[in-house]
Amino acid sequence: MAAAAAAAEEEEPPAGPRLRDTPEDICLEAAANAIALHPARALLAAGDVDGDVYLYRYSCVPGDTRQLWSSGHHLKSCRDVAFSPDGQRLLTVSKDKAIHILTVEDGRLETRIAKAHSAALNCVLPIDHHLLATGDDGGELKVWDLRKGEAILEARQHEEYISAMAVDGNGKILLTARYCRAWWHLGQAPCPSWQGTRVAAPRVLVPQGHSVSHSGDGTMGVFNIKRRRFELLSEPQNGDLTSVVLLKRGKKVACGSSEGTIYLFNWNGFGATSDRFALRAESVDCMVPITESIVCTGSLDGVIRAVNILPNRVLGCVGQHMGEPIEQLAVAPDGQLLASCAHDQKVKFWDISSLGSMVVDEYRKKKKRGGPLKALSSKAPGSGEDFFADLREEQEATAEAATGSDSDDSD
């Protein structure tokens, strides 16, 4: 029996490599303006300030994350990238005013629309298999029908550039928004290495029949794609709107802003905000929905925050690019991973699996102003640094409840 046991041990296959919690960082040759995750496969696309577009396969197996192909067809900075709904094509737009459609399998340039706009392009949003929307630095929105090879809707309702767009499930209503360049936020001239960069806007779904866009004049625009017409502009906000997401099963629209406030609109109530939530952050430059109530935001300080909407709470820190402004965030199709890119020329991955099960009740616990954010992932700053942190939080909460102090929702 001893011999049989020894033989069995010898026949056991060697243990495979230990899986990481998240894929390894991707280091780029230039800062990425935009990233996108494939809707069904473990693929990441990135567009950088040099105009190059890359496709990577990412994996939690050590050493298995690798570049699949690159494209250098854009003449200037690539501003935004997006996968088509079926995942077969990659859409890219650039400061050179061109729209490119590449095949995902080999990066072949399938379609090029040169001089698509009169100004540099800033964002692109797939609407369905045949329609896509683009926004430029001059505030012009165009909706393209690829079957016809031409724009079926052209509108210029924003005074400045369009920063983000979202569309509803029926592809009928489009929302748009506007933002400032990162160096304008900082109140200084741009660094040479920042030329052509932008704070990219995420692509999200909007309730059926509608589309949303955000613009640089601090307004949200509403456009009816089916009727090919402009509907209305929201009232101007204090800061430039940078991002737009749909929450609460399409009943709420949340917009990030350059002054660090999230503005909330009711669906079918786009004219004026219904609520606002000021974060203790320099800005909300990009934002993606994780659940129907939770979003992740990226800021100039490099911190990625998880925020619950209604009730409004900053839940904690998912991760950080140390001191580097966050350009864009993207969520994996299974909702377990978040990808981010920043001025440090890296794409990082964060484990957000715990956010899906988080429940925030109406009770608002007092928290110290200026204190560190709670770490929500193993790679977040402060994770695991204090064994007694949870016990101390419970003691502080008990003492604060006894004093009857007001609560503080912001970080």
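Here is a back-and-forth about a predicted model and the labels put on its parts.

Reader: Let's start broad. How many helices and strands does the protein have?
Author: Three helices and 30 strands. Buried residues account for 55% of its 411 residues. The accessible surface is about 17,800 Å², with 48% of that belonging to carbon and sulfur atoms.

Reader: What share of the contacts between residues at least 6 apart in sequence join residues at least 24 apart?
Author: That share is 55%.

Reader: On to the sheets. What makes S2 and S5 the edges of their sheet?
Author: The sheet is open, has four strands in the order S2-S3-S4-S5, and pairs in the antiparallel sense. Strand S2 (32-37) and strand S5 (66-71) each have a single partner strand, so one side of each has no neighbour in the sheet. As for the twist, the average is 20° from one strand to the next.

Reader: How do you know that S2 and S3 pair?
Author: Pairing takes at least two bridges between the strands, and S2 has five with strand S3 (residues 43-48), in the antiparallel sense. Ala 36, for one, has Ala 45 in S3 as its bridge partner.

Reader: Which strands make up the open sheet that includes S7, and in what order?
Author: The order is S6-S7-S8-S9, four strands with antiparallel pairing. Strand S6 (78-83) and strand S9 (109-113) are the edge strands, each pairing on one side only. Neighbouring strands here are turned by 15° against each other on average, ignoring direction.

Reader: And what makes S7 and S8 a pair?
Author: Again, at least two bridges are needed. Strand S7 (residues 89-94) and strand S8 (residues 99-103) run antiparallel and are joined by five bridges, so they pass. Leu 90 has its bridge partner in S8, namely Leu 102.

Reader: Why is Ser 94 called buried?
Author: The label applies under 20% relative accessible area. Ser 94 is at 0%, so it counts as buried.

Reader: Which residues does Ser 94 touch, leaving out those up to four places away in sequence?
Author: His 74, Lys 76, Ser 77, Cys 78, Arg 79, Ala 120 and Leu 121. Ser 94 belongs to strand S7, and a polar atom of its side chain lies 3.1 Å from the backbone oxygen of Lys 76.

Reader: What joins S24 to S25?
Author: A hairpin, through four residues. Strand S24 (residues 286-289) and strand S25 (residues 294-298) pair over four bridges in the antiparallel sense, and Pro 289 has Val 295 in S25 as its bridge partner.

Reader: Cys 286 is in that stretch. Why does the sulfur of Cys 286 not form a bond with the closest cysteine sulfur?
Author: A disulfide needs two cysteine sulfur atoms within 2.5 Å. For Cys 286 the closest cysteine sulfur is in Cys 341, 7.6 Å away, so that is too far for a bond. The count of disulfides by this rule is zero. Cys 286 is also buried, at 0% relative accessibility, and Cys 255 is buried with a relative accessible area of 0%.

Reader: What makes the link between Glu 327 and His 343 a polar contact?
Author: The cut-off for the N or O atoms is 3.5 Å, and the side chains of these two are joined by a polar contact of 2.5 Å. Glu 327 sits in strand S28 (residues 326-331) and is buried, with a relative accessible area of 1%.

Reader: Now the loops. Why is Arg 227 called exposed?
Author: Exposed means over 50%; Arg 227 has 55% relative accessibility, so it counts as exposed. Its place is the loop between strand S18 (220-224) and strand S19 (229-233). The C-alpha atoms of Arg 227 and Lys 172 are 8.2 Å apart, with the two positions 55 residues apart along the chain.

Reader: Is Asn 268 buried or exposed?
Author: Exposed, because its relative accessible area is 61%. Asn 268 lies in the loop between strand S22 (261-266) and strand S23 (275-278), and its phi is near 70°, positive in a residue other than glycine.

Reader: Why is Gln 345 called partly exposed?
Author: Its relative accessible area is 32%, so it falls between the 20% and 50% limits. Gln 345 is in the loop between strand S29 (337-342) and strand S30 (346-351), and has a positive phi near 65°.

Reader: Where is the cis peptide bond that has an omega of about 5°?
Author: Between Leu 310 and Pro 311. Pro 311 is in the loop between strand S26 (303-308) and strand S27 (313-320).

Conventions: Residues numbered from 1 in each chain as written. Predicted model: local features only at pLDDT ≥ 70, side-chain atom pairs only at ≥ 80, totals over all residues. Heavy atoms only, no water. Helix = DSSP H or I, 4+ residues; strand = E, 2+ residues; numbered from the N terminus. Axes fitted to C-alpha atoms, helices over the stretch in contact; angles between N-to-C directions. Buried < 20%, exposed > 50% of the residue type's maximum accessible area, 1.4 Å probe, protein only. Polar contact = N/O pair within 3.5 Å; in protein donor to acceptor, adjacent residues only side chain to side chain. Contact = heavy atoms within 4.5 Å. Areas by Shrake-Rupley, 256 points an atom, 1.4 Å probe, with all protein chains shown as cover.
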